[in-house]
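Let's take a friendly walk through this model together, starting with an enclosed space and then moving on to the aromatic rings.

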Amino acid sequence: MEHWLNKSVFYEIYPQSFFDSNGDGIGDLPGIIQKLDYIRALGCNALWLNPCFVSPFGDAGYDVADYCRVAPRYGTNEDLESLFASAHKRGMHVLLDLVPGHTSVEHPWFKESCSARPNPYSGRYIWSSSVWEDVTGYPNISGSLRGISPRDGSVAVNFFSHQPALNYGFARRTASWQSAVDSPEALATRRAMRDVMAFWLDKGCDGFRVDMAGSLVKDDEGSRETIKLWQEMRRYLDEAYPDAVLLSEWGEPDKSLAGGFHMDFLLHFGTSHYMDLFRCEHPYFSREGKGSAAAFIETYRYNRQRTGGRGLMCIPSGNHDMERLRKYLDEEEMKLAFAFLLSMPGAPFIYYGDEIAMRHLARTSVEGGYFRTGARSPMQWDDSANYGFSAAPADKLYIAPDEAAGAPTAARAMADVHSLWQEIRRLIALRMEMPALQAEGGVEFLCDGDTYPLVYLRTAGSQKVLVCLNPSAQPASCVCPYAPARLLYSLGGLGGLAGGKLTMPGQSAAFWAVE
Ligand code: NOJ
């Protein structure tokens, strides 16, 4: 049977900023439920929710203090269950964000582990045996906390200094305080994380986007032990929850897919050259036509090869860690970027607000966002107060919204047949109709990406779709061996595909069914 992921188009929701249903200035779960029909109208049929659990919010919720309880500011566990049910009723799936690598310093496990008295949590985090003995300098450890507890030891952190690293052991052990990956304490951490997954899957969630999935085992050359750990998690899920999905924030699909993840993300960090396309001095999708997609294509091909042709890399329009796409591309350029994003393999991810070209704002840091804060501002629904995001006084909003004239809104975008929103809706509808365009379809690039246009063939069974994109303002042409059978989609003017040659006007896209 076809897996639901193959046909999924995701919408990422940063819950703080989506829709505030109770007027306290911050988004919440009942607010998301109220807006499901909006997301469905765009065509998305799956959600990824950033962490919505109890947290001191030093890293916007990626510092979890209770994995099994919804943060009161978002609502209750029952609200989250209602969200699952309401989504399922609409044929949508919901992924939660699992943060297995670290907790907040406020997590009861961590508090217990700080005690000088040995207890069941003493080995839950990575502690050295003396405060004078350093835990840093090992791969996958980003720093340490020292002198913070009665316990004599330094403790490793995974990201910010208030995010102590959970202990899954070391692949290579060079100090006595380092646990083996199969030590009782490391195995107990695994079990605890497995229980967290089971807890939410039992309540109706469909799977997890896994934060920093590649970083769990420390000093792990080639990620070998981390891969094994995920293989075991996947075996467990396959038995207990066969439909549950795991998507990794890893950026190395050969490793993550070997670990049993269904798909991996192409990210703003790592080797993917994702940024060359959208966010650099000369993005490929800018109409100036000075960009290059060559390194991206080369890495993409390499990754497909290393994953036995599966690829299954999710290319997001953006996320809560990147600058907004709109900072680099205008709305017309974004249409072509979305024609690409929505016609590539892997499940596409639309970051909330990108569908209306929300801008990247200059904002001082909120909840550990720093430059990321500018991409986390409230969703702009309509022209009412606070863009319809919240009934709270403006100074109580989670982040101050875009105050500039002409700030886009969903209501205006939906009403305008020429908007980016409408273009995205058309592209998603086509993707839903054509198996060749879906996540598991094949892809073959017919160009090296050094020039324009960008041309690739998508396939599923006997279905072949030729995707031709010319983001540059200048006309472009290339050799193309396919003969068109039917035009499926076009944007901008239409060129030609005949006599072994493809010609395209500036800033245009064409999808052809080909023989
Ligand atoms: C990646 C998340 O996407 C990011 O927002 C967070 O700050 C770090 N991981 C740490 O959990």
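Which residues line the largest cavity? Keep in mind as you look that this is a predicted model. The lining is made up of G493, L494, G495, G496, L502, T503, M504, P505, S508, A509, A510 and W512. If you would like to find the place by secondary structure, go to strands β19 (501-504) and β20 (508-514), each of which supplies at least two of the lining residues. Strand β20 gives the largest share, with four residues.

How much room is there inside? The largest cavity holds about 50 Å³ of space, and a search of the whole structure turns up one cavity of 30 Å³ or more. As for the chemistry of its walls, seven of the lining residues are nonpolar and five are polar, while none is charged. The general idea behind such a search is simple: rolling a probe the size of a water molecule over the atoms shows where empty space is left.

Now for the aromatic rings. Searching the whole structure gives 39 aromatic pairs. One of them joins Y38 and W421 in a tilted arrangement, with 6.1 Å from centre to centre and 40° between the planes. Y38 belongs to helix α2 (residues 36-42) and W421 to helix α12 (residues 420-433), so this pair ties together parts that are 383 residues apart in sequence. Are these two partners buried or exposed? Y38 has a relative accessible area of 8%, which means that it counts as buried, and W421 is buried as well, at 3%.

Another pair brings together Y351 and Y352, this time edge-to-face, with the centres 4.8 Å apart and the planes at 70°. Y351 is buried, with a relative accessibility of 1%, and Y352 is buried too, its relative accessible area being 0%.

Rings can also be linked into a group. In this model, ring pairs connect Y274, F278, Y284, F285, F296, Y300, F340, F445, Y452 and Y456 into a cluster. Try highlighting these residues in the viewer to follow the cluster by eye.

Finally, have a look at two places where a basic side chain meets an aromatic ring. Which residue lies over the face of F19? That is K35, at 4.5 Å from the ring centre. In the other case, R194 sits over the face of Y236, with a distance of 4.5 Å to the ring centre.

How values were computed: Residues numbered from 1 in each chain as written. Predicted model: local features only at pLDDT ≥ 70, side-chain atom pairs only at ≥ 80, totals over all residues. Heavy atoms only, no water. Phe/Tyr/Trp six-rings, centres within 6.5 Å; stacked < 30°, edge-to-face > 60°. Buried < 20%, exposed > 50% of the residue type's maximum accessible area, 1.4 Å probe, protein only. Lys NZ or Arg CZ within 6 Å of the ring centre and 35° of its normal. 1 Å grid on protein atoms, 1.4 Å probe; cavity = no way out; pocket = protein on both sides within 12 Å on 5 of 7 lines; lining within 4 Å. Points joined across faces, edges and corners; volume = space filled by probe spheres on them. Nonpolar A, V, L, I, M, F, W, Y, C, P; charged D, E, K, R; others polar.
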